[in-house]
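User: Please take a close look at one helix in this model and at what it packs against. I would like one connected explanation, in plain words, of how the neighbouring parts sit around that helix.

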Amino acid sequence: MNKEQILEAIKAMTVLELNDLVKAIEEEFGVTAAAPVAVAAGGAAAVEEKTEFDVVLTSAGQEKIKVIKAVREITGLGLKEAKEVVDNAPKALKEGVSKDDAEAIKAKLEEVGASVEVK
């Protein structure tokens, strides 16, 4: 395979497939895809890692009905309330959740075509 074929294969993958690929590459080559930890004032102490994240729906995309269903599942809102959230995007869906939960919510929404931001 050449570089272009590899890039085309990656473009065709879902978010979950990409996540699995990154983990497999990390394990195979003994590397990490994480950004280096920032160091405070001359390397005295590492910057504290953020533990709570907000998941913000930025756009519903083309599959609005699927996004509404996903929002209902994630938030427990009724149909009308979930539709209002989707119609009024950008809108925070979950606040103060763990990184794993935020990534899972993001993956679920992106799978149905929504644009999501984790802050």
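Analyst: Helices α3 and α4 are oblique to each other. Their axes come within 9 Å and cross at roughly 120°. That angle is over 115 degrees but not over 145, so the pair falls outside both the roughly perpendicular and the roughly antiparallel class. In passing α4, helix α3 makes a right-handed crossing. Everything said here refers to a predicted model.

Two values were used for that pair, and there is a general reason for it. Packed helices are described by the angle between their axes and by the distance between those axes.

Helix α3 covers residues 64-75, and helix α4 covers residues 79-87. Helix α3 also packs against helix α5, which runs over residues 99-111. Here the angle is about 160° and the axes lie 9 Å apart. With that angle, α3 is roughly antiparallel to α5. The cut-off for this class is an angle over 145 degrees, which explains why α3 and α5 belong to it. As for handedness, α3 passes α5 in a right-handed crossing, and the crossing of α3 over α4 is likewise right-handed.

Now consider single residues of α3. Ile68 is part of this helix. Is Ile68 buried or exposed? Its relative accessibility is 8%, so Ile68 counts as buried, the limit being under 20%. The C-alpha atom of Ile68 is 6.4 Å from that of Val86, although the two residues are 18 positions apart along the chain. Val86 falls within the residue range 79-87 of helix α4.

Thr75 also belongs to helix α3. With a relative accessible area of 24%, Thr75 is partly exposed. Its C-alpha atom is separated by 7.0 Å from that of Leu93, and these two residues are again 18 apart along the chain.

Charged side chains provide another link. Side chains of opposite charge can pair when their charged atoms come close. Which residue of helix α3 pairs with Asp87? The partner is Lys64, and the two side chains meet in a salt bridge with an N to O distance of 2.5 Å. Because Asp87 lies in helix α4 and Lys64 in helix α3, the pair ties together parts that are 23 residues apart in sequence. Both ends of this bridge are partly exposed: Asp87 has a relative accessible area of 36%, and Lys64 has 33% relative accessibility.

Asp87 has a second partner, Lys83, in a salt bridge of 2.7 Å from N to O. This bridge stays inside helix α4, where Lys83 and Asp87 are four residues apart and so separated by about one helical turn. Lys83 counts as partly exposed at 40% relative accessibility.

A further salt bridge joins Glu117 and Lys119, with 3.4 Å from N to O. Glu117 is partly exposed at 35% relative accessibility, as is Lys119 with a relative accessible area of 45%. As for bridges with shared partners, these join Lys64, Lys83 and Asp87 into one network. The total for the model is six salt bridges.

It helps to place these helices in the whole chain. The protein chain has five helices and five strands, and along the sequence they follow the pattern α-α-β-β-β-α-α-β-α-β. Buried residues make up 18% of the 119 residues, and Ile68 in α3 is one that counts as buried.

To sum up, α3 packs against α5 in a roughly antiparallel way and is oblique to α4. The salt bridge between Lys64 and Asp87 ties α3 to α4.

Conventions: Residues are numbered from 1 along each chain as its sequence is written. This is a predicted model: local features need pLDDT of at least 70, side-chain atom pairs count only at pLDDT 80 or more; totals for chains, interfaces and linings use all residues. Side-chain values use heavy atoms; hydrogens and water are left out. Axes are lines fitted to C-alpha atoms, for helices over the stretch in contact, and angles run from 0 to 180 degrees between N-to-C directions. Helices (H or I, at least four residues) and strands (E, at least two) are DSSP runs, numbered from the N terminus. Angles under 35 degrees count as roughly parallel, over 145 as roughly antiparallel, 65 to 115 as roughly perpendicular and the rest as oblique. A crossing is left-handed if the near helix is turned anticlockwise from the far one by less than a right angle, and right-handed if clockwise. A salt bridge is a side-chain nitrogen of Lys or Arg within 4 Å of a carboxyl oxygen of Asp or Glu. Buried means under 20% relative accessible area, exposed over 50%, partly exposed in between (1.4 Å probe, protein chains only).
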